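Biologist: I should be grateful for a close look at a single part of this protein, taken strand by strand where possible. Please describe the chosen part together with its surroundings.

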Amino acid sequence: LGIDLGDTDNAPLLGRRFGEGLPRGTAALTLALADGRKVAVATRRPQRLAEVLGAVGVMPEVRRALPRDLEYLPEIDQRAESLFRVAGMDLPDLPFPLDALHESRAVFVAGDPPVGFVQLDEVDGNAHVQELAVLPSHMRQGLGSALLDAACECARTEGHSAITLTTYAEVAWNAPFYEARG
């Protein structure tokens, strides 16, 4: 039995008609069966289901971004930002600063193709998380924490004793996420 987080392109989705897609708020856990067939299961907690099934290593790999990864980041940014708009924040409609990624200290991505990223810069001599974004369909699976860990490790390696960021204190999920991680 093999298990993988991700899309359902090559596997039928249990309980859904062909082409129907994932129910809102769920992610796919794809199972490779002993007979070689694949089947996907829609779940709100894919990591938990994978643990119950005894799977290990199902979280997408967090790695330094490659040039080919950068084309995916504007969409990840836009889709993650949509949650703030739904929460009532009136954000300015600014173009994604793709050029700024080339000048960053580091950019880490989760998955191939990427489903999340963190951009690490230096501001006033301090390591600074410029942005952390995960596709809504992949949120609450530990990817944001893994990306933040990669940024913190990079900052430590570069000799920084702390890392800074700015966040929205009035958004119910945002500041608590960072507070819980110190």
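Modeller: Two strands are said to pair if DSSP finds at least two bridges between them. The model discussed here is predicted, and the part chosen is strand E5, residues 106-110.

By the pairing rule, E5 has a partner in strand E4 (residues 62-64), with three bridges in the antiparallel sense. Within that pairing, Val62 stands opposite Ala110 of E5. E5 also pairs with strand E6 (residues 116-123), again in the antiparallel sense, over five bridges. Here Ala106 faces Leu120 of E6 across the pairing.

How many residues of E5 are buried? Five of the five are, and the strand is mostly covered. In a regular strand the side chains alternate between the two faces of the sheet. In E5, Ala106, Phe108 and Ala110 point one way, while Val107 and Val109 point the other way, and all are buried.

Two of these residues, Val107 and Val109, are among the contacts of Leu73. Leu73 belongs to helix H2 and counts as buried because its relative accessibility is 0%. Leaving aside residues up to four places away in sequence, Leu73 also touches Phe96, Leu101, Pro114 and Phe117. By contrast with these contacts, Leu73 and Arg156 are 25 Å apart in space, C-alpha to C-alpha, with a separation of 83 residues in sequence.

The connection from E5 to E6 deserves separate attention. This hairpin has five residues between the strands, and Gly111 in it takes a positive phi near 95 degrees. Most residues other than glycine have a negative phi, and most peptide bonds are trans. The bond that joins Asp112 and Pro113 is cis, with omega about 5 degrees. Pro113 itself is placed in the loop between E5 and E6.

Beyond E6, a further backbone feature appears at Asp124, which has a positive phi of about 50 degrees although it is not a glycine. Asp124 is found in the loop between E6 and E7. Why does Asp124 count as exposed? The reason is its relative accessibility of 76%, since the class of exposed residues begins over 50%.

Strand E7 leads on to the largest pocket, which has a volume of about 1600 Å³. Of the 49 residues that line this pocket, Phe84, Leu132, Met139, Trp173 and Asn174 are the closest to its centre. The elements that give two or more residues to the lining are helix H1 (46-52), helix H2 (73-86), strand E7 (126-134), helix H4 (143-157) and helix H5 (174-179). E7 gives the most, with seven residues. By residue class, the lining of the largest pocket divides into 26 nonpolar, 15 polar and eight charged residues.

Finally, there is the matter of the cysteines. A disulfide is a covalent bond between the sulfur atoms of two cysteines. With a cut-off of 2.5 Å between the sulfur atoms, the count comes to zero disulfides. For Cys152, the closest cysteine sulfur is that of Cys154, and the 9.9 Å between them is too far for a bond. Cys152 counts as partly exposed because its relative accessibility is 21%, whereas Cys154 counts as buried at 7%.

Notes
Residues numbered from 1 in each chain as written. Predicted model: local features only at pLDDT ≥ 70, side-chain atom pairs only at ≥ 80, totals over all residues. Heavy atoms only, no water. 1 Å grid on protein atoms, 1.4 Å probe; cavity = no way out; pocket = protein on both sides within 12 Å on 5 of 7 lines; lining within 4 Å. Points joined across faces, edges and corners; volume = space filled by probe spheres on them. Helix = DSSP H or I, 4+ residues; strand = E, 2+ residues; numbered from the N terminus. Nonpolar A, V, L, I, M, F, W, Y, C, P; charged D, E, K, R; others polar. Buried < 20%, exposed > 50% of the residue type's maximum accessible area, 1.4 Å probe, protein only. Contact = heavy atoms within 4.5 Å.
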